[in-house]
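Trainee: Could you pick one part of this model and walk me through it slowly? I'd like to see how to read it.

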Amino acid sequence: MKTTGRVNGIISNIVIVKADGPVGQNEICHVWTGDTKMMAEVIKVIGDAAYVQVFDSTRGLKIGDRVEFEGHMLEVTLAPGLLSRNYDGLQNDLEKMEGLFIARGSITDPVDFDAEWDFTPLAKAGDKVSAASWLGEVREQWVRHKIMVPFTMTQSYTVKSVAPAGKYKVRDTVAVVTDAEGHDHAITMVQKWPVKQAIRCYTEKPRPSRVMETGVRAIDTFNPMAEGGTGFIPGPFGAGKTVLQHAISKQADADVIIMVACGERANEVVEIFKEFPELVDPRTGHKLMERTIIICNTSNMPVAAREASVYTGMTIGEYYRSMGLKVLVMADSTSRWAQALREMSNRLEELPGQDAFPMDLSAIISNFYSRAGLVKLSNGETGSVTFLGTVSPAGGNLKEPVTESTKKAARCFYALSQGRADSKRYPAIDPLESYSKYLEYPEIREYLDQHIEKDWVDLVYAGKTLVQRGKEANDQINILGDDGVPVEYHERFWKSELIDFVILQQDAFDAIDANCPIERQKMMYEMVLGICRQNFSFADFEQCSQFFKGLINLFRQMNYSEWKSEKFENYKRQIEEYVSEKNN
Amino acid sequence: MTTRAFQKIYTRIDNITKATVTLRAQGVGNDELATVGGKLAQVVKIMGENVTLQVFAGTEGLSTDSEVVFHGEPPKLRVSDALAGRFFNAYGEPLEGGEIVEGEAREIGGPTVNPFKRIQPSELIATGIAGIDLNNTIVTGQKIPFFADPDQPYNAVMANVALRAKADKIILGGMGLTNDDFLYFKSVFENAGALDRIVSFVNTTENPPVERLLVPDMALTAAEYFAVDKGEKVLVLLTDMTLYADALAIVSNRMDQIPSKDSMPGSLYSDLAKIYEKAVQLPNGGSITIIAVTTLSGGDITHAVPDNTGYITEGQLFLRNDSDTGKVIVDPFRSLSRLKQLVIGKKTREDHPQVMNACVRLYADAANAKTKLENGFDLSDYDERALKFARDYSEKLLAIDVNIGITEMLDTAWTLFAKYFSKEEVAIKEELIKKYWKEA
């Protein structure tokens, strides 16, 4: 029998429930007010008093109102039909909700239970299987969606029967497996999993060894992201976090993209709703929306569900990873999630840590980031979840708890700088502060050697050094004046400006420049580096800046031209002539 | 507020603090209103039988035997077309007498618009101010604050923007407005003959600060009525949100909550987001646009209030006194409109995005030149030209007293480019240069 209870205290969205039976930590319950049922999660138990956070507004709730405990933690439904849906943080399909406003207690099905799928068996009777073994597949959009042994089935089983190819609904039985004791288990295409637990149905989690292309030069060329890696983008407001994330979500080389809009602006999500169904993924020729799942808990939606939304996104990501797919999960912004934790902790009157955040913030964040990764599945295939989060540091100060905790957990750091944003140098990824630990991985070095060019990493470091030297030269110029330093200092500075303007800066709103494939990045970078390696002899600093300004202008026109078009080649020729003229 | 029959009256208050009272009561709903000794109050916490009420006007003069009557419902506003042209206090009661507005009583601070049902904003709001229209174009359904120091004329600029914006309704939410500013708004709207388009909810400095907490929700409930029910374009002006946040801090302090940054409550982000996210473009053509004011102390945007605001709103507009021209300008470096990409070059002329960026880049070069000059270094020829450009740009485009159309702004910018720079220095796409370059 289910445990029930009565409301005995209300502080904002924390409700204290007097329970009449056993209650589990993180158990889900429903709080009734009138005819409306609101979902809530147990976050603390003291004696028979359960403290629950309600994922909705508690307005009008009264002492004595009924509560039902459900006996399980917060779960998501995993089944074919998740792709291209727009969910709230608790996996309600926003598209199916009626009315302009989200009514309290709105619940909609996460997938269409009546839809029929073309099932093809992959396993046969007699096969030995365990959790996450592939039994069959259906075609979901253009993804081969694997039907797996549910992750909650932890033993070894023998397949008794698999349904023949044909059309089935998600709740139809498609396979029967037998456990060691001879009990039969019917398997359907749908399963549930508690979001706060990682799905660990894989044999091995090796170090990332491939690069995930994003089409953003400042990332791919300078600080590459690994497939199955983790990264984060901190930046003050207005530095372009969201624009950068949207660019990556459009261009990244992934099979499935999960966008978690966590406590951010609704209009930004509307942009995705509107654009993604129309934009085409250049790699596959399919609409972007076909590979995308949006989890949307905007800043004005209930705070408690904000925390749930990042876990919901990650769990769905892990589900698709188990099918051997490349998944990219992005959360904008993890600071809002941390703030939701702070609000809860505050209402529970816990002793606060730094900036009133809960003491275990750092542990929660690193635990979450650790769920990403490249995995080897039991059948030898690989799948990956790459995670990229944004952080919105209070006052743009990178020394605040969320940024510091995330820095410990994530391997790539894309710091957006206010200075760059102010001078409209977008993307505002700071070339000196940012890093990718993956450049140090021998696996990644080898991958880049093979896929771009031998010793590519050395070229990257050479470019970084040039930028560093340019900055130092500029500091000297600012202290001593244009005439107070040798002309070489100006040359050094302008070479770093050349790298900045041509490679690091990119126009996310220009149809061509927005997405720069790796082949094009390689060419541009080598061209720029080639020029930087030459020694020009300028008569004075005016001549130097004049020369580089002209050069930058030509390169910019080249960035705006279609790859290998006549226009593009034309600018390339002009640049070569421009440079050789100077040398003569 | 009407009292209904068989309402229970409580006459024993257990605790009184500066802003709250606690008493034993039954059958009370969360967020519900009550009258405590004739003052309006709202339920903020219930622990078993103990109910804590936040008294908006403060608890001065209340005693342990003051009468407490629960209303059985959260704060509401009566909405109808009769709201137009009227001035109300924070409770939605008419100021300066006048009849009570008839109409449907709606809960304030209601539910969220389903993000999936929203429409992408795409309609430009022209203000005639180049610092806004050219550099930081605003669209309907946007939320954007002015970040300004208290000595800057933000209320005047906001009133100007509101009147030029061609909105169907303008709703003013005044929080901690001085009486002088309130009268200023009133006379500006009156002189413009716009009074019938205006609805005002005002809490002046003469009223208790905690009352301010109701003002944005009142204003936005009225806005939702006109936008959702009537399909109108509504512009909501909220001034000053910093004073609103101060009131939040007072209440959370009185309720013994642990303060986070700058003594603000830990929930500040969510509290502000709930207000600002009411800005919306609706499928029926109606829209709510929010223009707010966040006053800064000494231009410090890292303070919790402007900082959290910046993360919520779609950009911010900075006012600054330009010492070169002696005018108040919209700062091109620190101002930003996030939604401008939806309209510039699409609803405006194609060269808009590039001209805008080039202007700001050249203006930045001028700022560098100025630093050089201040440090006693010689200026190059380019520096000299950049400085001259900056002066013209500031006077002819950035100053808030400029009132011209967007195409004219673009033409002005091209004229300035040609006057001071070569085509290479301006570095705009060649096709555009060919089409728009004005030979000096």
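Mentor: Sure, let's start with what packs over a helix: strand 18 (211-212), strand 19 (225-226) and helix 10 (456-480) of chain A are among what covers the buried residues of helix 9 of chain A. Keep in mind that this is a predicted model, where local features need pLDDT of at least 70 and side-chain atom pairs count only at pLDDT 80 or more, while totals for chains, interfaces and linings use all residues. Residues are numbered from 1 along each chain as its sequence is written, and chains are lettered from A and ligands numbered from 1 in the order in which they are written.

Helices (H or I, at least four residues) and strands (E, at least two) are DSSP runs, numbered from the N terminus. "Buried" takes 20 or more other C-beta atoms within 10 Å of a residue's own, "exposed" 12 or fewer, and "partly exposed" is in between, with C-beta atoms placed from the backbone.

In helix 9 (residues 442-451) of chain A, the buried ones are A:Ile444, A:Tyr447 and A:Leu448. Looking down the axis of helix 9 of chain A, these fall within an arc of 95°, so they line one face of the helix. That arc is taken from the directions from the helix axis to the C-beta atoms. An α-helix has 3.6 residues a turn, so residues three or four places apart point the same way. Over on the other side of helix 9 of chain A, A:Pro442, A:Glu446 and A:Gln450 are exposed.

Now zoom out: 61 residues of chain A are in contact (C-beta atoms, placed from the backbone, within 7 Å) with 60 residues of chain B. Helix 3 of chain A gives the most to that side of chain A, with seven residues.

Key: Contact = placed C-beta atoms within 7 Å.
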